[in-house]
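This report goes through one protein chain, from single positions to the overall fold. Please keep the sequence and the model in view while reading.

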Amino acid sequence: MIIMLSVGLMNHVIIIPLLLEASKRDAWLVVLLVFVASPVWIGCLNYIIQNMNNQHMKKWLDQHFGKFLSAILVIIYSLLLWLMGFISLKDTLTWTIASYLPQTPILVLAGTTLVASFFAAFQGLRTIAIVSGILLPFVVILGHLVAIANFQFKDYTLLFPLLENGTTPLWKGVPYVAGGLLELSFLMLLIQHKLTKKTGFKSLMLMCFILTGLTLGPLMGSIAIFGPDEAANQRYPAYAQWRIVRLGEYVEHVNFFSIYQWLSGTFIRVSLSIYLLGELWNLQKRRWLPVLFGALAMLVAILLPMSDMAFLDSLGRFYFPSFCIFTAGTLILYIGRIIISRISQKE
C-alpha cells in the first residue's frame, strides 16, 4: 500500500505529461514495452534482496564495498530520496496553486504539508503503513469512478495508428517509464530489512504490474478523450479527466475528489522519503536529524524561485535519465559483487 501510493503518484501523475510530450500517441506502447522488459530487472532485484537477508542497506554496503564506496553510495541514495520528496511536493504545490488555492502563500502550503509528513516519518514506517492502509482504498475507488464515468467520452481509435514517426518517440519516452518503475527497486532495497516476510519474484512482478496499470489507465484515457496532441499540451492530464466527469444529468464538477487522491499520494511519498533519509544513515540515537534536515531543506528549496517550465525541463533532461542510469547500474554492481563473493567463498 505504501508503494502503491508513493510510487503510484509518480507513475499516475508526474511522468504522464512528460511522457505524452515525448511520445505522443505512442506513449502507451512505451509503457507496455518497458513492462515486457521488467522481468529482467525484477529478477535482479529479487536476487539481491534474497542475498541481503534482511540486513540494513548501509551495513550490507559496508561489508561488500568498504566504508569509502559505501559512504558515496549512501550520499547518492540520500540525494535521490530527497529529490523524490521534493519533486512530488513541488509538482503538487504548483497544481494546488494553479487549480484551487491561487491566493494561499506557498510557505503555508509547503509548511503544513512538511509538518504533517515530518511527524509521520518521525513515528516510523508502521505509522506510514497504517495511514496508507486507510487512504488507499478510497484512492482506488475514486480512480475507478473517474475511469468509468468518462467512458462515454472516450474514443479508443485515437490510440492508433502507432509508430507514425518511427521508433524515435519510443526511445524518448523510455527514461520516464523506466524511471517510474525502477523506483520500486530503489525503495525495496531500502526498506527490505523492515519487512517481516521476504518478498518473492511473483509479488514484485505483481507490484510492477499494478504500477504499470496506474500509468496506462490515465495515459490511455487522456489520449482517448482529448487526442494525442491536446493531451500532450496539458500540464495535468490526469486532473483534466476529473474536470469533465458527469454523473447523470445533475451531478458534475466533482473534481474536488482529485484533491484527496493527489494529496494522499504526496503525503505518503514525502513522509516515506524523509523517513528513509533517517533510516538510511542508521544513526542509533539521532535518526530524527536527517529527517528534520531533509524536511527543512525541502521547505527552503520550494521557496526558491523556479518556473514550472524549468522544473519540467530539469526532470526530463537530468533527473529521469540520471535516476535510470544509477538504479540500473547499482543493480548490476550489486549482482556482480554477490557473485564474486560467492565464488571466493567456494574457493
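## Two buried helix positions

S264 is placed in helix α10. This is a predicted model, and in it S264 counts as buried, because its relative accessibility is 4%. Leaving aside neighbours within four places in sequence, S264 is in contact with L5, L135 and V139. Of these partners, L135 and V139 fall within the range of α5, which runs over 125-149.

G294 has its place in helix α11. With a relative accessible area of 2%, G294 is buried. Once neighbours within four places in sequence are set aside, the contacts of G294 are W82, I274 and L277. Helix α10 spans 257-281, the range that holds I274 and L277, while W82 falls within α3, given as 57-99. From G294 to G200 the C-alpha distance is 32 Å, with the two positions 94 residues apart in sequence.

## Fold and dimensions

The chain contains 12 helices and two strands. Read from the N terminus, the order of elements is α-α-α-α-α-α-α-α-α-β-β-α-α-α. Contacts with a separation of 6 or more in the chain are made to 85% by residues 24 or more positions apart.

How does the radius of gyration compare with that of a compact globule of 347 residues? The chain has 20 Å, which agrees with the value near 20 Å for such a globule. Along the principal axes, the C-alpha atoms fill a box of roughly 70 × 45 × 35 Å.

## Surface and charge

Of the 347 residues, 52% count as buried. The accessible surface of the chain is about 16,400 Å², and carbon and sulfur atoms contribute 69% of that area.

Charged side chains number 24 positive and 15 negative. The centres of these two sets are 17 Å apart.

## The loop between α5 and α6

Helices α5 (125-149) and α6 (168-191) are joined by a loop that holds G166. P161 is also placed in the loop between α5 and α6. The peptide bond that joins F160 and P161 is cis, with omega about 0°.

Is G166 buried or partly exposed? G166 counts as partly exposed because its relative accessibility is 29%. G166 and P290 are 124 residues apart in sequence, and their C-alpha atoms are 47 Å apart in space.

## The loop between α3 and α4

L101 is located in the loop between α3 and α4 (106-123). L101 has 30% relative accessibility and therefore counts as partly exposed.

Not counting residues up to four places away in sequence, L101 touches T96 and L109. Of these, L109 is within the range of α4, and T96 is within that of α3. L101 and L280 are 179 residues apart in sequence, with a C-alpha to C-alpha distance of 35 Å.

## Positive phi at two asparagines

N54 has a positive phi, near 60°, and is not a glycine. The residue sits in the loop between α2 (27-52) and α3 (57-99). With a relative accessible area of 33%, N54 is partly exposed.

N282 also has a positive phi, about 55°, although it is not a glycine. Its place is in the loop between α10 (257-281) and α11 (288-303). N282 is buried, because its relative accessible area is 15% and the limit for buried is under 20%.

## Cysteines

A disulfide is a covalent bond between the sulfur atoms of two cysteines. How many disulfides are counted in this model? The count is zero, taking a pair of sulfur atoms within 2.5 Å as the criterion.

For C208, the closest cysteine sulfur is that of C44; at 13 Å it is too far for a bond. C324 is in no disulfide either, since the nearest cysteine sulfur, that of C208, is 13 Å away.

Both C208 and C324 are away from the exposed class: C208 is buried with a relative accessible area of 0%, and C324 is buried with 12%.

Methods: Residues are numbered from 1 along each chain as its sequence is written. This is a predicted model: local features need pLDDT of at least 70, side-chain atom pairs count only at pLDDT 80 or more; totals for chains, interfaces and linings use all residues. Side-chain values use heavy atoms; hydrogens and water are left out. Helices (H or I, at least four residues) and strands (E, at least two) are DSSP runs, numbered from the N terminus. The radius of gyration is taken over C-alpha atoms; the globule rule is 2.2 Å times the number of residues to the power 0.38. Buried means under 20% relative accessible area, exposed over 50%, partly exposed in between (1.4 Å probe, protein chains only). Contact means heavy atoms within 4.5 Å. Accessible areas come from the Shrake-Rupley method with a 1.4 Å probe; for residues, only the protein chains shown count as cover. Lys and Arg count as positive and Asp and Glu as negative; His and the chain ends are not counted. The place of a charge is taken as NZ of Lys, CZ of Arg, CG of Asp or CD of Glu.
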